[in-house]
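Work through the exercises below with the model open beside you. Try each task before you read its solution.

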Amino acid sequence: MSEEKNIPESTKYETFTQKEYMIMKDDLLRPIEKTGIGGKIWIAFLTAVFFAGVVAYYLQESRGKSVTTGLSDYTMWGVYISNFLFLVALSLSSVFMSAILKLTHFEWYRPLSRIADVISLSSISMAGICIMISMGRPDRLHYLFLHGRIQSPIVWDIIVVITYFVACVLMLFVALIPSLSTCKNHLHNLPKWQLKMYDILSFGWKGTAEQWKILKRTVFILTVLVIPLGIALRTVSAWLFSTTLRPEWDSTNFGAYFVSGSALLTVAVMIIAVYAFRKIYSLQSYLTNMHFDKMGQAMVLMGLIYAYFNINEYLVPAYKMSGLHANHLLNLFVGENALFYWLVVLFGIVVPSVLPMFKKLRKPFPLTLIAVAVLIAGWFKFYLIVIPGLSHPLLPVQDVPASWSHYTPSLIEMSIVSATIAGTMLLVTLFSKYFPIISVWEVAEGKLEGKEEIINYK
Amino acid sequence: MRVLTAENELVEIERSAAKSIIKTPAENFTYLQKQGRDGLAGRRFVMVVDLSKCRNARKCMNACQEAHHLRPEQHHINVLKMQETENTPAYYMPKPCQHCDNPPCTAVCPVDATFKRQDGIVLIDNERCIGCRFCIAACPYSARVFNWAEPLHSHEDENLTYNVELNVPQRKGTISKCLFSADRLREGKLPYCVSACPNGVYWFGDENEDAVTNGTTKETVRFKKLLEDNGAYTLMPELGTKPRVYYLPPVKRDFPFEDATEAHNTKE
């Protein structure tokens with residue numbers, strides 16, 4: 001019933017036997033069968049953080065944003081929006097760490113693709129929630145559909161977020177069909193509803209040659225489609241800023257700059273996720289040192305591209321230092337936010353572009369440490385893009401409470417932001433508890449086709 | 001008696017046949033929304049602010065906040081202390097919404113809550129606004145305010161029918177902004193701020209009529225001539241927003257500059 005029927009008779013290398021397949025399958029299904037105490041604590045912790053955020057949101061809406069947030073008429077967008085940008089950046093994992101690698105025949109993508117797809121789906125879901133949390137009148141959300149105007153970049157954003165969400169769902173679950181069939185046939189000691197779910201979601205998969213053909217064709221089409229969609233998503237979220245007349249955002253560079261930042265962050269988040277899954281689910285024979293080596297190299301490349309866009313974005317205006325940019329740039333370079341800014345440059349740009357150049361630092365543990373630093377710096381980078389400039393509008397800030405010229409996120413805002421990040425991790429964790437986190441058939445296919453890259457890696 | 005119909009026809013009917021129509025609040029609301037969105041046909045409102053007259057009396061700000069039920073820190077019009085460079089003199093500059101002819105705020109609104117009328121006025125419909133605050137991001141003149149808290153008189157205003165031309169009652173979670181006192185213009189009166197000024201700073205009128213009236217002296221002059229004779233300019237013309245508010249430079253002021261602005265309204 002499962003994939004083994006479809007093993008072609010002639011294989012280029014004799015690296016793959018039925019026995020090996022059974023071992024592989026057992027390895028990958030094990031995390032679904034039992035959850036250790038550590039896993040349960042982890043899930044409980046994430047759930048608690050998430051619900052703390054729900055309570056915080058309730059407080060925010062019932063007491064009003066005037067007392068529960070640090071927002072004002074000048075800093076009218078705060079951490080909700082910068083966190084939205086961060087989550088959208090992560091949601092491009094499918095594009096950069098799966099689709100592009102797949103289409104360009106970097107065969108090492110195979111065990112990573114599903115992890116990337118899950119991260120994409122989870123973070124785009126939470127990103128969507130971030131927009132609603134920021135709204136002044138969430139009760140009027142449906143006005144976007146009743147009265148939506150296509151001229152508004154917000155409407156573009158809503159359209160592209162929803163489309164990308166649907167694409168992520170399809171991308172993930174279509175490629176999952178053969179794995180679900182494997183789950184259905186090989187997992188027994190599970191609750192009835194769970195087996196029923198595998199049955200329903202595997203859509204009567206029998207693994208016939210024709211079904212395989214359709215599946216592979218569909219996955220290929222989705223792979224091609226998800227790339228322009230992801231780029232559109234990222235670019236439109238940059239346009240929310242660059243379509244305004246504010247000097248710090250008024251940049252033709254913005255779309256590409258955001259896409260490049262996203263590429264770097266998806267590499268970082270994948271390194272962390274791969275490290276965690278490999279360690280916790282004992283998947284060392286699938287998520288190998290080679291993957292870290294390759295991802296480390298990818299990080300250098302993406303880091304350098306991102307550095308290039310940062311030079312364009314900051315140093316070119318800084319050279320001219322026009323009156324429009326001076327306030328904002330000097331504040332970042334030598335002013336109040338200088339330490340903050342340079343730390344973000346160091347950990348978010350210099351570290352990923354330089355450190356993984358050394359082979360020793362592309363080993364799993366050091367590379368994961370680097371990735372954590374890059375990811376945290378990435379979160380703060382969006383904070384620096386969205387927030388400090390708002391305190392320096394074109395006309396002077398006068399006649400308002402002193403606190404309005406300076407934004408500090410409140411505890412409630414930070415709780416909600418933590419909840420969206422915990423929510424993303426929770427979705428990824430729960431997925432891995434119900435579905436195989438590595439695509440059995442894609443890995444098997446890779447081994448069968450005996451790609452040089454995988455076989456000959458030392 | 002003679003009655004003018006909606007089709008602009010004068011007809012004669014028996015007095016006994018006429019009955020007055022009492023509108024329900026919902027009908028009244030629909031009526032106010034329609035007239036508010038349509039605007040005044042054939043008019044193109046403009047404001048001219050004479051900076052050589054402004055002594056920071058702030059009567060405009062008070063009248064405005066009172067009319068639109070605003071909190072002290074919420075400004076539809078704000079008198080800013082300006083100083084371009086170290087060596088150029090400081091002056092006071094009242095800054096309302098510029099009612100741009102190429103408004104960046106209405107372009108970005110996702111739900112058509114803020115819109116430009118045929119008479120040049122940019123309004124905000126707080127029954128439509130979803131509170132995304134993109135218009136604040138888009139406005140280079142910092143002309144927009146947000147109701148972060150429950151509005152000032154929200155309790156007393158509860159039963160008022162919303163008038164988009166006055167933006168009262170204000171609503172929590174929505175935007176508010178200068179409306180050029182569209183409700184007063186409909187009655188043929190000058191805006192609240194213009195009428196309240198004791199120093200003759202404001203001229204207000206209709207570009208189509210080429211006439212503006214001073215709010216203090218009630219003197220009416222040719223709009224184009226006023227601009228021509230006094231070296232008028234608009235704020236940040238390089239942005240291409242095409243403001244409908246014109247400024248006359250702060251020349252020949254016969255009063256000393258008193259540094260007072262920052263003392264106002266800075267309470268938390």
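The exercises go from domains to the chain interface, then to single residues and salt bridges.

**Ground rules**

This is a predicted model: local features need pLDDT of at least 70, side-chain atom pairs count only at pLDDT 80 or more, and totals for chains, interfaces and linings use all residues. Residues are numbered from 1 along each chain as its sequence is written, chains are lettered from A and ligands numbered from 1 in the order in which they are written, and side-chain values use heavy atoms, leaving out hydrogens and water.

**Exercise 1. Describe how the two domains of chain A meet.**

Step 1. Set the bounds. Domain 1 of chain A covers 17–243 + 413–458, and domain 2 covers 244–392. These bounds come from an automatic or database domain assignment.

Step 2. Place the domains. Their centres, taken over C-alpha atoms, are 22 Å apart. The contact (heavy atoms within 4.5 Å) takes 48 residues from domain 1 of chain A and 40 residues from domain 2 of chain A.

Step 3. Read the area. Domain 1 and domain 2 of chain A bury about 4,000 Å² between them, with 77% of it on carbon and sulfur atoms. Buried area is the accessible area (1.4 Å probe) that two parts lose on being put together, summed over both.

Step 4. Check the polar side. The rule finds zero salt bridges across this domain interface. A salt bridge is a side-chain nitrogen of Lys or Arg within 4 Å of a carboxyl oxygen of Asp or Glu. Eight residue pairs, both at pLDDT 80 or more, are in polar contact between domain 1 and domain 2 of chain A. A polar contact is a pair of N or O atoms within 3.5 Å; within protein, one must be able to donate a hydrogen and the other to accept it, and residues adjacent in sequence count only if both atoms are side-chain atoms.

Step 5. Name the elements. On the side of domain 1 of chain A that touches domain 2, the helices that each supply at least two residues include helix 1 (18–33), helix 6 (113–134) and helix 10 (209–242) of chain A. That side divides into 33 nonpolar, eleven polar and four charged residues. Ala, Val, Leu, Ile, Met, Phe, Trp, Tyr, Cys and Pro count as nonpolar, Asp, Glu, Lys and Arg as charged, and the others, Gly among them, as polar.

**Exercise 2. Describe the contact between chain A and chain B.**

Step 1. Count residues. 44 residues of chain A are in contact with 54 residues of chain B.

Step 2. Read the area. About 3,800 Å² is buried between chain A and chain B, and carbon and sulfur atoms give 58% of it.

Step 3. Find the charged link. The count is one salt bridge between chain A and chain B. Asp399(A) and Arg58(B) form a salt bridge through their side chains, at 2.2 Å, N to O.

Step 4. Add the polar contacts. There are 24 such residue pairs between chain A and chain B, both residues at pLDDT 80 or more.

Step 5. Name the elements. Helix 2 (37–63), helix 3, helix 7 (143–146) and helix 8 (153–186) of chain A give two or more residues to the side that touches chain B. Helices here are DSSP runs (H or I, at least four residues), as strands are (E, at least two), numbered from the N terminus.

**Exercise 3. Is Thr223(A) buried or exposed, and what does Thr223(A) touch?**

Step 1. Locate the residue. Thr223(A) lies in helix 10 of chain A.

Step 2. Classify. Thr223(A) has 0% relative accessibility and counts as buried. Buried means under 20% relative accessible area, exposed over 50%, and partly exposed in between (1.4 Å probe, protein chains only).

Step 3. List partners. Leaving out residues up to four places away in sequence, Thr223(A) touches Ala99(A), Lys102(A), Leu103(A) and Met171(A).

**Exercise 4. Place Ser66(A).**

Step 1. Ser66(A) sits in helix 3 (residues 65–68) of chain A.

Step 2. Its relative accessible area is 33%, so Ser66(A) is partly exposed.

Step 3. Beyond residues up to four places away in sequence, Ser66(A) touches Trp148(B) and Ala149(B).

**Exercise 5. Sort out two salt bridges, Asp199(A) with Lys184(A) and Lys34(B) with Asp38(B).**

Step 1. Asp199(A) and Lys184(A) have their closest N and O atoms 3.2 Å apart. This pair links distant parts of the chain, with Asp199(A) in helix 9 (residues 192–201) and Lys184(A) in helix 8 of chain A, 15 residues apart.

Step 2. Lys34(B) and Asp38(B) meet at 2.6 Å, N to O. They are separated by about one helical turn because they are four residues apart in helix 1 (residues 25–38) of chain B.

Step 3. Compare exposure. Lys34(B) counts as exposed at 54% relative accessibility. Asp38(B) is partly exposed at 37%.
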